[in-house]
Amino acid sequence: MMRPPRRPRDMTDSTAPMGGLASGEQGRPARRSRGPWATAFLKLWHDRAAMAALGVVLLVVLACMLAPVYAGRVAHTDPFRSNLDGQFERNGEMVPVMETSTEGLGLGFTPIGPTWDFQAFFLGADNQGRDVMARLLYGGRNSLWIAGVATVICLLFATLIGLAGGYFGGPTDWVLTRLLDVLWAFPVYLLAISLSIVLIAKGIDIGPISITADSLWLPILIIGIVYVPYVARPIRGQVLSLRQSEFVLAAIGLGVPGWRILIRDILPNVTTTLIVFVPLLMALNMLTESALSFLSIGVQPPDASWGTIIQDGQALLYTRPIVALAPGVAIVITVLALNILGDGVRDALDPRAKLRLRSA
Amino acid sequence: MSWSKSTLGGLAVAGALLSWNGVAAADEPAAPGTILSPQQTQVAALKTEHKGGTMRLVARSAQGTIDPHINYTLQYWQFYQSVYDGLVTFKHAGGADGFTVVPDLAEAIPAPQNDGKTYVFKLRKGIKFWDGRDVTVKDVVASFQRIFKVSSPTSGTFYAGIVGADKCLQDPATCTLDGGVVADEAAGTVTINLTAPDPELFYKLSVPHAVILPADTPTSDLGTVPAVGTGAYMIESFDPNKQMKMVRNPYFKEWSADAQPDGYPDVVLYDFGLTDEAEVTAVQNGEADWMFDQPPTDRLGELGTKYKDQVFINTLTAWWYAPMNVNIAPFNNVKARQAVAYAIDRKALVNLFGGPALAAPVCQVLPPGFPGHVDYCPFTKNPGAEWSAPDLEKAKQLVKESGTAGQKVTVIVEDTAISKSIGVYLQSVLKDIGYDASVKPLSPNIQFTYIQNTNNNVQMSVSQWYQDYPAASDFLYILFGCDSFHPGSDSSINIAGFCDKAIDAKMKQALALAVTDQAGADKLWTEIDKEVTDAAPAAALFTPKHIDFISKRLGNFIFNAQYYWVITQSWVQ
């Protein structure tokens with residue numbers, strides 16, 4: 001949201017009441033403004049689509065957080081352990097989890113399909129005899145965790161680069177912008193895949209930083225870094241604009257240190273942009289993680305993510321399509337909800353967007 | 001070889017083949033005016049009727065370098081049969097007849113001289129490379145030198161018995177094989193001198209590592225640039241990420257229907273980059289005629305019912321196994337290795353592969369039906385002749401005794417549906433017995449060489465081995481002999497790095513004994529099989545059968561015991 005720049009406290013007119021009209025004009029009581037954040041929150045609250053989307057996201061997060069409860073207490077299963085010889089009770093008799101074909105040439109071995117019983121293989125089993133529902137919930141934890149932390153990392157680096165480049169300008173801006181250009185030149189997925197392939201073999205071991213090949217931090221870092229240019233550029237543009245605003249120029253003229261101006265005057269004015277990016281980046285990162293995991297260069301087996309489960313399901317598309325469909329649907333629902341939420345947040349925080357919509 | 005095959009009749013056939021009398025006489029094409037036999041007439045009629053067309057093959061990926069002196073995979077050895085020739089070769093025939101060694105570029109299989117240490121090959125005249133140059137004795141000498149110069153994976157095993165090979169192994173770049181491979185240009189002969197008699201010599205000369213290339217072929221790995229050959233087909237283009245195209249060799253004239261028959265299709269296109277699922281669908285839809293990779297398990301039921309007339313199943317002399325690096329922790333401890341062997345549920349792995357119709361559990365190195373095989377399974381509940389069930393308690397106890405519990409183990413597998421499933425299962429088993437295990441899938445294009453190179457510190461992997469030829473040494477000596485272990489090389493087929501001096505000496509003793517007493521040698525191989533199995537440098541998993549799924553239009557499917565489907569002897573129109 002582009003709101004009128006906040007005046008530094010040092011320049012505040014102390015005679016004027018905070019955030020309101022002078023009281024007593026024409027005898028009417030002063031109407032107290034809610035403030036921009038409260039206004040935005042109320043706008044969001046009244047956006048039914050965004051609220052519904054938020055509800056869906058919270059539901060997904062809650063369900064995934066309860067994965068250990070489901071696996072341990074409800075389904076009584078270990079979703080990370082192969083269960084090729086397993087059996088479970090169905091209609092009073094013990095049936096194998098993996099069924100042998102007896103028709104034609106007698107080829108093939110198929111895991112059981114959905115039982116629609118929460119206590120045993122609700123969505124059926126995968127090619128290792130593992131409970132798909134339990135893996136779906138655990139996979140959601142990893143997918144959401146990776147998407148969330150990658151978002152934080154991306155925003156952190158993008159903010160630092162955008163602030164530094166936009167405020168200091170000159171050689172600093174030139175170097176940082178060229179760095180962004182290099183990253184931007186690569187298609188995101190190509191860059192992510194290339195980095196993953198190189199790093200997935202032996203992990204990262206640079207000085208004090210040591211990340212093993214099967215650590216979730218590897219895909220987190222890769223995904224976080226590849227999207228930095230897409231956030232850093234708009235931030236930089238915004239900072240460039242703020243840099244020329246009167247209150248910033250005045251602060252510079254008064255000899256306020258640069259870091260103080262950045263933190264107290266510029267950063268708060270880009271915060272809303274960052275907030276808008278959060279749900280949108282989460283959605284993008286979730287898709288990227290799923291893609292990398294599907295290609296076996298993201299989350300490593302036997303850990304689950306929605307992408308790895310889709311890949312497991314690829315080998316069962318013709319016999320047990322639900323193994324691939326279930327995580328696919330979960331991704332669609334979550335990404336859609338995040339995008340709708342992101343639109344709502346943007347509309348709430350950027351009044352110009354609403355004006356553009358009204359005039360369209 | 002990674003991926004090679006035989007039939008159940010291999011035992012009886014192999015015994016006969018191991019003597020030089022087990023090779024076929026020269027087979028010359030009929031001269032004009034000759035009356036053809038009924039079989040020859042039939043073949044000629046079929047060739048006229050069905051010749052032409054473009055055959056389409058599909059595979060998930062290419063498998064490494066196209067250099068015939070280096071590549072050690074069935075995928076490439078299978079089509080090399082139509083592209084390259086050696087002095088001798090395996091007969092391009094169906095079934096166990098495919099084990100027969102026949103003269104190829106040589107006019108005839110020579111009789112041994114000098115107490116079995118000397119063989120004189122007379123080169124056929126008039127055979128040309130596909131660039132138009134004649135094949136000469138100089139090309140033969142240069143090709144044998146090249147085997148060492150490029151550090152072929154079998155240079156230290158198959159060809160170490162050639163005089164001068166020891167110097168070549170020490171300094172490959174300057175290899176001359178002086179006194180070992182001698183050409184006589186005037187007589188048109190090549191003489192191979194051995195340091196000791198070798199009953200398996202003709203087998204070793206029949207595999208693609210001994211094919212004859214032009215003398216000026218670069219003496220480094222050719223990578224993606226095809227070497228020039230003499231076969232009925234030439235490789236017109238090769239892009240390992242996309243496609244290989246084979247077309248008829250314009251200078252080819254059939255000199256032996258057994259060694260290098262003229263093919264049916266005009267063009268063979270081999271597409272890479274499809275998933276297993278896509279390959280099956282492509283063949284079902286008629287977009288491809290054959291798929292290299294085994295069908296994924298979820299399609300087997302469908303293939304075995306709706307498409308059973310397009311499915312061929314053949315028993316193989318092969319095994320799937322999990323080599324364990326005996327030189328790094330935790331598997332430098334024999335108890336740790338034995339623990340893994342005890343813990344694996346081979347029936348589960350058979351099911352992952354497609355069920356009992358397609359595989360059988362094994363515990364030992366030599367496959368059933370192979371010379372020297374006697375059923376032996378120590379790593380099971382109730383040890384005896386056959387595997388019955390895993391013994392997890394024993395496995396955990398061994399891990400505890402070894403002191404390796406809790407150590408990290410990574411299992412490297414191919415990124416194919418079946419391999420990955422096996423890897424994930426093994427990871428689960430390793431965790432059950434007390435290791436911190438993970439699994440890493442790699443593209444099949446690089447996995448096989450990756451797990452061979454000791455610089456990658458691979459602790460455990462999943463691989464397959466299919467016979468190069470029907471001899472026990474091809475499993476035991478090749479996979480677990482000291483001469484097959486080349487640290488720091490991509491060509492170190494002794495993936496486990498196993499080098500037991502006593503067992504190695506016994507292997508060499510068995511090889512020498514085979515010259516005069518094959519039965520005695522087989523008994524020694526039986527003992528060696530047991531000793532290597534007990535040392536567990538690899539966990540034996542199962543012995544597979546091979547499924548070939550072909551398109552409706554493909555006719556004359558011939559399954560050769562040595563190289564499986566004889567590609568260019570099938571027709572597409």
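What follows is a conversation about a predicted model with chains A and B.

Biologist: What does the secondary structure of chain A come to?

Modeller: Chain A has 13 helices and six strands. Of its 360 residues, 42% count as buried.

Biologist: What makes a residue of chain A count as buried?

Modeller: The cut-off is 20 or more other C-beta atoms within 10 Å of its own. In chain A, 42% of the residues meet it.

Biologist: How many residues of chain A are in contact with chain B?

Modeller: 29 residues of chain A are in contact with 32 residues of chain B. Two elements of chain A each give two or more residues to this side: β3 (98–100) and β4 (109–111). By class, the side of chain A that touches chain B holds twelve nonpolar, 13 polar and four charged residues.

Biologist: Why is α4(A) called oblique to α11(A)?

Modeller: Set the angle against the classes. The axes of helix α4 (residues 132–168) and helix α11 (residues 306–314) of chain A cross at roughly 135 degrees. Perpendicular covers 65 to 115, and antiparallel needs over 145. The crossing angle fits neither class, so α4(A) is oblique to α11(A).

Biologist: Which residues make that contact?

Modeller: From α4(A) come Arg135(A), Leu136(A), Gly139(A), Gly140(A) and Ser143(A). From α11(A) come Trp306(A), Thr308(A) and Ile309(A). They divide into three nonpolar, four polar and one charged.

Biologist: How do you know that β1(A) and β2(A) pair?

Modeller: Count the bridges. A pair needs at least two. Strand β1 (residues 87–90) and strand β2 (residues 93–96) of chain A have four, in the antiparallel sense. One bridge joins Glu89(A) to Met94(A). Two residues lie between the strands of this hairpin, and Asn91(A) takes a positive phi near 55 degrees.

Biologist: Now chain B. In what order do the strands of the open sheet stand?

Modeller: Five strands stand in the order β7-β8-β9-β1-β10, with mixed pairing.

Biologist: What makes the pairing mixed?

Modeller: Both senses occur. Strand β8 (residues 243–248) and strand β9 (residues 267–272) of chain B run antiparallel, joined by five bridges. One of them pairs Val247(B) with Val267(B). β1(B) and β9(B) pair in the parallel sense over six bridges. There, Ala59(B) has Phe272(B) as its bridge partner.

Biologist: Why do β7 and β10 of chain B stand at the edges?

Modeller: β7 (233–239) and β10 (290–291) each have a single partner strand, so one side of each has no neighbour in the sheet. For β10(B), there are two bridges to β1(B), in the parallel sense. That just meets the cut-off of at least two. Val58(B) stands opposite Met291(B) in this pair.

Biologist: Why is strand β1 of chain B called largely enclosed?

Modeller: Five of the six residues of this strand (residues 54–59) are buried, so the rest of the structure largely encloses β1 of chain B.

Biologist: Which residues touch the most other members of the largest nonpolar core?

Modeller: Leu476(B) and Ala539(B) do, in a core of 265 residues. α4(A) gives the largest share of this core, 16 residues.

Biologist: What is Leu476(B) in contact with, leaving aside its neighbours within four places in sequence?

Modeller: Its contacts beyond those neighbours are Val365(B), Leu366(B), Met507(B), Trp525(B), Ile528(B), Asp529(B) and Val532(B).

Methods
Residues are numbered from 1 along each chain as its sequence is written. Chains are lettered from A and ligands numbered from 1 in the order in which they are written. This is a predicted model: local features need pLDDT of at least 70, side-chain atom pairs count only at pLDDT 80 or more; totals for chains, interfaces and linings use all residues. Two residues are in contact if their C-beta atoms, placed from the backbone, lie within 7 Å. Ala, Val, Leu, Ile, Met, Phe, Trp, Tyr, Cys and Pro count as nonpolar, Asp, Glu, Lys and Arg as charged, and the others, Gly among them, as polar. A residue is buried if 20 or more other C-beta atoms lie within 10 Å of its own, exposed if 12 or fewer, and partly exposed in between; C-beta atoms are placed from the backbone. Axes are lines fitted to C-alpha atoms, for helices over the stretch in contact, and angles run from 0 to 180 degrees between N-to-C directions. Angles under 35 degrees count as roughly parallel, over 145 as roughly antiparallel, 65 to 115 as roughly perpendicular and the rest as oblique. A nonpolar core is a set of buried Ala, Val, Leu, Ile, Met, Phe, Trp, Tyr and Cys residues joined through C-beta atoms within 7 Å.
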